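Hi,

Here is the structure I promised to pass on. Have a look at it first, and then read on for what turned up.

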Amino acid sequence: MPPTRAAHRRVTPRGATFMRFGVCYYPEQWPRGRWADDAASMVELGLELVRIGEFAWSRYEPARGRFEFGWLDEAIDTLANAGLKVVLGTPTATPPVWLARERPEILSVGPDGRRRAYGSRRHTSTTSRAYREEAARIVSVLVGRYGQHPAIAAWQIDNEPGNHDSARCWSEESHLAFQAWLSCRFGGSIEALNDAWGTVFWSMTYPSFEAVELPVPTVTGHNPSLLVAHLAFAAEQAAEALAEQRAIVTAGSPGRELFTNLYLGDIDIDPRQVARPTGLGSVDIYPHGLGNADDVAFVLDLARGSALAAEQGPEGLGGRAWIVEQQPGPVNWTGDNPAVPAGQVRLWCWQAAMHGVETLLWFRWRAARAGQEQHHAALLRHDGTRAPAWDEAARFIREYERVGSLSPHLLPRPPARVALVHDHLDAWMLEVIPQVHDASHRMLVTAAHAAARRLGLDVDVVPADADLTGYEVVLAPALHTVTPDRIARLEAALAAGALVILGPRSLVRDQHAVWVDEPVPGGLSARLGARVEHAGSPAGWPRDASDPSQLVLDDPREPLAVGGWIETLTDVADDATVLGRARGGPLDGEPVVVRRGGLVHLGAASMEAWARVLGLLLRRRPRPDHLEVFERGGRHVTLDHRTRTIGGLGSVSDRD
Amino acid sequence: MPPTRAAHRRVTPRGATFMRFGVCYYPEQWPRGRWADDAASMVELGLELVRIGEFAWSRYEPARGRFEFGWLDEAIDTLANAGLKVVLGTPTATPPVWLARERPEILSVGPDGRRRAYGSRRHTSTTSRAYREEAARIVSVLVGRYGQHPAIAAWQIDNEPGNHDSARCWSEESHLAFQAWLSCRFGGSIEALNDAWGTVFWSMTYPSFEAVELPVPTVTGHNPSLLVAHLAFAAEQAAEALAEQRAIVTAGSPGRELFTNLYLGDIDIDPRQVARPTGLGSVDIYPHGLGNADDVAFVLDLARGSALAAEQGPEGLGGRAWIVEQQPGPVNWTGDNPAVPAGQVRLWCWQAAMHGVETLLWFRWRAARAGQEQHHAALLRHDGTRAPAWDEAARFIREYERVGSLSPHLLPRPPARVALVHDHLDAWMLEVIPQVHDASHRMLVTAAHAAARRLGLDVDVVPADADLTGYEVVLAPALHTVTPDRIARLEAALAAGALVILGPRSLVRDQHAVWVDEPVPGGLSARLGARVEHAGSPAGWPRDASDPSQLVLDDPREPLAVGGWIETLTDVADDATVLGRARGGPLDGEPVVVRRGGLVHLGAASMEAWARVLGLLLRRRPRPDHLEVFERGGRHVTLDHRTRTIGGLGSVSDRD
Amino acid sequence: MPPTRAAHRRVTPRGATFMRFGVCYYPEQWPRGRWADDAASMVELGLELVRIGEFAWSRYEPARGRFEFGWLDEAIDTLANAGLKVVLGTPTATPPVWLARERPEILSVGPDGRRRAYGSRRHTSTTSRAYREEAARIVSVLVGRYGQHPAIAAWQIDNEPGNHDSARCWSEESHLAFQAWLSCRFGGSIEALNDAWGTVFWSMTYPSFEAVELPVPTVTGHNPSLLVAHLAFAAEQAAEALAEQRAIVTAGSPGRELFTNLYLGDIDIDPRQVARPTGLGSVDIYPHGLGNADDVAFVLDLARGSALAAEQGPEGLGGRAWIVEQQPGPVNWTGDNPAVPAGQVRLWCWQAAMHGVETLLWFRWRAARAGQEQHHAALLRHDGTRAPAWDEAARFIREYERVGSLSPHLLPRPPARVALVHDHLDAWMLEVIPQVHDASHRMLVTAAHAAARRLGLDVDVVPADADLTGYEVVLAPALHTVTPDRIARLEAALAAGALVILGPRSLVRDQHAVWVDEPVPGGLSARLGARVEHAGSPAGWPRDASDPSQLVLDDPREPLAVGGWIETLTDVADDATVLGRARGGPLDGEPVVVRRGGLVHLGAASMEAWARVLGLLLRRRPRPDHLEVFERGGRHVTLDHRTRTIGGLGSVSDRD
């Protein structure tokens, strides 16, 4: 049972929700003599929450059953005495060396068949019974000791599961579990699996579930049905392992917030399987890893949406989200690790605030002197002095409190008019059949999201089982999988008067990755009055002599790039309207955007194309790329991602 | 004994050979109720041949010895009843799961020492005795059942052997077979091998054949003699396995055409070892995978040439070729998979026709709903409606029949005046010693071929053991290996008055990949009156400040790019003529093209350089890159690969 | 005990040191009948030394204990009879096949856990006891036979150890040896290791040395402390193995030069561990592999410096160096292998001479007909005729002798005023934590070295334990590791009046790769009156819309690129001077170059920035990039690396 929300929110004098701030802290990495000073400094900065413990297993259980909690008791008490609340992390992302040596089967096996070496992190297999047992054991110990501690405000379960492509495991134990999972899914009938997956293709008919191999890399590609099933299995195993931990924490430490912080740049884990049971989405925000400001905006809305329950419709907030790790400066893991200019950290925080994030913790308090992340910036430098991020965090907190006090109406996120339907299954589908470069599920979805944001529209990123009837506009980019339920929900939205825009790669295959036996978009082609003909690259052949097709809408002088994917439509009904056509390239003149009634099919992948089509349909003009606008309390709050300045926030604004 | 040719050709009213058309069909992937409709539709389109069965093993032998041929009987009869003939494929590219589990030794082992995982295709080892036994068993069963069936017009043996770099196998069984093969090749004398390979280099002298390891990747490169031998061994193993199947088919199903469809974008398999015994070359034509229109043209001529017998000279057709898989639209496996504009499929078919292909089957009838190739276009869409390729195929067939009826003299390929000598051994040589980027055997050979085509010349791609004396021009690009027989044949051509043009990387090393102990071009340097000095990259050093050398021929204002490879010549005899020199770059001023009598050495790799030199020597002006011209019956038939239009075909032409 | 230097130098009539020349020769690869001719031709060319034997083990021990030295006796005598001296190589880089089969444990194991396949070279593990035993055995045999031979002038120990990333071995034997090495290093205390490495990070605390795993690749990065220790261990193992060989040679063949030829493009081996004990640095110079002329210059100075003893200060020569393999034309192993224009080989030789190299051998006499290096140029072609390099070598030798005779004062290298501090430990540190692209230790160090060379300054590349007090300028680019001894030496140099310039990435972490607990530059921040703030990429975010920061010094109209790394400084003291600031990009306006007294911190990585800063400080104007100037005997000797011409060498000069 998720905790009630109200218990964890502060309310401003005028009634608006108020963000809370915090930081990730590793007392085990610093001298005890420093802890009290650190705590006092955190309070001075305006922090309330401190996440600790998620990588400290070896420090409090240095050998099996030998627990040394004294230091952790003291650390928690030191923080509590300073007035801080603690978010305690379960340590299962980095089991100690002694445990990996005692029970090596907790380690996962790579696609090369070798057991992962110890070192780094996330080298464990969530399918491993030994891993599950040890996780349950240590979490029980932790909950037994700290479950009732008054300073514990929340629990973090594990840390970034699925990161580093770690969800899948190729061990024999995982292999057997996968076979059992398939058997369960297909009611014990291998014929059902063979039928559903079309294994007659290339003679891959399985005589039994025992004959199903893991998709070990071989001479060329595996059946996509197998690949998608394996991704789904791995994600479910991870979600199940997290659920086991949550059950222990919920029983032993009731009333606390519960979450697992995900890095949503990955697709290994289905965020809804993790966040929905707790009603709280949690995301680690590293803009340098995610892409650009549009990618950050999308991930923030995805995090909120991941916490939504099934059947939920627009209700204003569109889901709850925490940022448990927020980037405070350059990081160490993105390959080239750009510099961070003055004002950027503050702007990232304001972006989080305007997207409705409830709680924000910076990662991390002080830069690590040892280990893999020495070049990761922090609020303090390696030597404990204040880094530039400290000043930016302080400024942001001051500004936020000031706006909350003087103009609280600018902060709450109003109900969104736009829903973007997003489901992880579709991401896996396109992952295993990419067909072209640069048309991943994330790219296609982000383009649609960013386009709506260009028009100043708030967007709820909602699950495929959401109630869509309360939205004015429903965006369905890369809604790849066709199910009767999805079609029914889209039909319901249309019936309720919504404008429904299908994006490229939508409604193509069933849940087993088999192409529909009807025109695409499956289930809605008749209603659209058109069917998809070409679906793929806009480029021609030969590559060196061919420009890709572009898109022309109402103004023939402004052809638009279509991005990595294009779809042309054919058999267009007389009462359907062609809103845009291909220009140049191999598909010159073919319809690309078709509308019939409230239903639109948009066959281009670029943000520009989405923004122009949305602008036409909604009679709004897109803003320049660097401006992000929020309509709040009758005003426009504007974040300028190029100049890193803010407008519309009253005295906090850098400009008018 | 190959079937006589006449039995398999249709003749137009006026005597010209007439192409036949067909399609690849997978009845096992579609409901039985659909088969008769499909067959009728094929006939309506003008098809005669239907290839079936090559991936259906698991469907007719679902468990060892349990055969379920009823469906296949019915499928064949359905097709036959509609008036279609069947090409039956042996299913050895995709053995069933149960067989791989029962006898895992049929699966090949990768260079990493791991047995290939089941899944995808071509994961088998042709060296495996178990694989050979099972292949013989299933082919015998098939031949026993269908060998005398009147509807069976041809047999396809296996499917695209060597594709996906699958010919080599690193199993212990393959290791032992390789050692035995080497022992046989060197008469049981390890000293002979050590001498031939120069193993004293880096102390690699073998004490015995048992000491020869497979070239497993190690800290740096292996001896190229070992690498070439391993490539040759693998290709021979594959050819031997195909021969075993052919022997069974020939015995049990006499009078049918026999072929193995090769994807000639690979070099794993020597096409002559496969096609020559049957007198029929077969190739799968996927322009998007092969490169550009020049690459397609070359592969078409290579397919024809692969069927030529030893000692064969120009005789007009220059070999027989079938296309058993022709691309009908976008495919799924080339990485970015470009779009296909209107008219392209038709043009590809006309290119095949003009290059003298006898039979053309499109791949495939209906787009696959399941499995790895869902994005592969077909004549029908996934839902069974007609795709754009259906209309283009229909148009092409109508046009072809019309030309055959009204202007049959435009279709037959006349005897070629130009031979291009091509041998797979040379491709392997350059594969294992590339020396530079962008100078592979295929690149070098295609440049010469395309240049001749720019001049409107038909080219026979002939084996190294061909009789060259009937040709006016002999092109020898990348004819790397020196053998007495090769030199004798080139000398004979010169004696017969031919112009012989040696291209770059010609006549350098012996059949064991050891450099000749004489000037290059080995065996012909004295006759040329010059020797190769620099042979390699035209680029200078340091890389960021150096432009590559260009080539200047008669007009100093028109320097030509030389491509990825340049050769300069030195010790030029007084009676030899320097036709071209390097301009700029590190080799400025050095001779690059030298002629003495009928022998020319051309030290540049680009198509442009070849075309200009050929134009000078033959007094012809090259056409623009996008035009492919065929001199047919006194007229010029022109395919424009840029506009996808046709000229010179009478009423079929798009333009004059 | 290293041999005295004087015994190995020739002196010109006027007293200058005189280079000796030679070549690498493989008599075992050529017919005996050719040897005498080859020897005579070498003498004709002006050679004195011939290196032989380093890859011939299988030829003189074709089976265990069966020695066939007759051919080698004859080869040595043939060379000696012609008046040549022999450099005999120990053959341990390529053990014979029979030995690898008999004792496979001599082969190293890769990070994938597989024992390296035989083939190529350097597949052995220097940690292997079997390898050490066999190396000692064969070297003892060789020394016993040839140790007193009057023709033997020098011994080469092994060949290019560490090349092809071969120093590290992942065998269980190496694993155990690594654990023992760590135990020894940390006094048997695993707690000491855990403290030193900060293993509490990500819970990697080791319970014992037995629990330390090799850094086998796993889901993400390993602790950099572990990685650096593993690199250091592997280098020490290699150095120890070489020392064992040297001990045998020194005992049995006294008075000869001893060296191991290193390819200093790698960083696997610490050149000082190898060269210092013999007082002679030896390097193989392949400009095409090393980079550009600046890289060659640096490596030449590094080779000299690698032979310096601890505590050594400037003494004129700055160390002794031989080039045992000098590139004579195109090579076969650099990927694209550029062409070599006329005059280049001669210029490379003059560059070596002007940098003070004592002895130069070309690699190799005749181009190999068999094996991996067939495309490697040589002084003779494959067929034994003279290649272009022969003429260039002959010209260079003539010129060198002429200058030595007429203007001997132009040849000796004068004492250097500039020291560049270089230590291999720093290279390993930046290897395991690169943080950005294009800021490797080599790149950072070469930029500083090249800048000094632009000003015409000779540079001693000195070890971190050198006496720096005799230099006017001390450059410390990427002097990453902080130790008390290093700080003391830099302070001593400052006290002695030197200008000390710290480059980027200097004085950051301790010898275990843990960040210092004080401001950077550690140990000198207070003296500098500033601390490093941003240290990393000059690029901004998002990547597609952001230009990197540049550097502006005295002239605001000339912003300079900063290269792959930038450091900004903060807390600048009142009496410190900001000499340069960032311009544009994310760090606009921040201090980048700060000076206080004799200490300068330069936070840019480009050669241009170094050259401009040095020019400002030393009041010299940098020469253009293509000119390398040597101040010799009051004149300027100039090598023009663009035109490949020489100036200032009297009658040898191409221009004034």
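One thing to keep in mind from the start: this is a predicted model.

Let's begin with a sheet in chain A. Strand S21 of chain A and strand S22 (residues 635-640) of chain A run antiparallel, joined by six bridges. If you want a spot to zoom in on, find Val629(A), which sits opposite Thr638(A) in S22(A). The whole sheet is open and has three strands, in the order S21-S22-S23 of chain A, with antiparallel pairing. Its edges are S21 (627-632) and S23 (645-647) of chain A, each of which pairs on one side only. On average, neighbouring strands here are turned by 15 degrees against each other, ignoring direction. Helix H12 (residues 344-354) of chain A packs on this sheet and touches S21, S22 and S23 of chain A. The direction of H12 makes about 145 degrees with that of S22(A).

Next, a residue to click on: Arg454(A), in helix H15 (residues 441-454) of chain A. Is Arg454(A) buried or exposed? Arg454(A) counts as buried because its relative accessible area is 4%, and the cut-off for buried is under 20%. Leaving aside residues up to four places away in sequence, Arg454(A) touches Asp294(A), Met607(A) and Asp625(A), along with Arg621(A), Pro622(A), Arg623(A) and Pro624(A).

Now for the empty spaces. The largest pocket has a volume of about 1,400 Å³. It is lined by 49 residues, and those closest to its centre are Asp544(B), Gly291(C), Asn292(C), Asp294(C) and Asp295(C). Which helix gives the largest share of that lining? That is H15(C), with eight residues. Other elements of chain C that supply at least two residues each include helix H11 (293-306), helix H18 (607-618) and strand S21 (627-632). Sorted by class, the pocket lining has 20 nonpolar, 15 polar and 14 charged residues.

There is also an enclosed space worth a look: the second largest cavity, with a volume of about 100 Å³. Of its 14 lining residues, Tyr131(A), Ala135(A), Ala241(A), Leu242(A) and Gln245(A) are the closest to the centre. Helix H5 (129-146) and helix H8 (224-252) of chain A each supply at least two residues of this lining, and H8(A) gives the most, with six. By class, the cavity lining comes to eight nonpolar, two polar and four charged residues.

Over to you!

Key:
Residues numbered from 1 in each chain as written. Chains lettered and ligands numbered in written order. Predicted model: local features only at pLDDT ≥ 70, side-chain atom pairs only at ≥ 80, totals over all residues. Heavy atoms only, no water. Pairing = 2+ DSSP bridges. Helix = DSSP H or I, 4+ residues; strand = E, 2+ residues; numbered from the N terminus. Axes fitted to C-alpha atoms, helices over the stretch in contact; angles between N-to-C directions. Contact = heavy atoms within 4.5 Å. Buried < 20%, exposed > 50% of the residue type's maximum accessible area, 1.4 Å probe, protein only. 1 Å grid on protein atoms, 1.4 Å probe; cavity = no way out; pocket = protein on both sides within 12 Å on 5 of 7 lines; lining within 4 Å. Points joined across faces, edges and corners; volume = space filled by probe spheres on them. Nonpolar A, V, L, I, M, F, W, Y, C, P; charged D, E, K, R; others polar.
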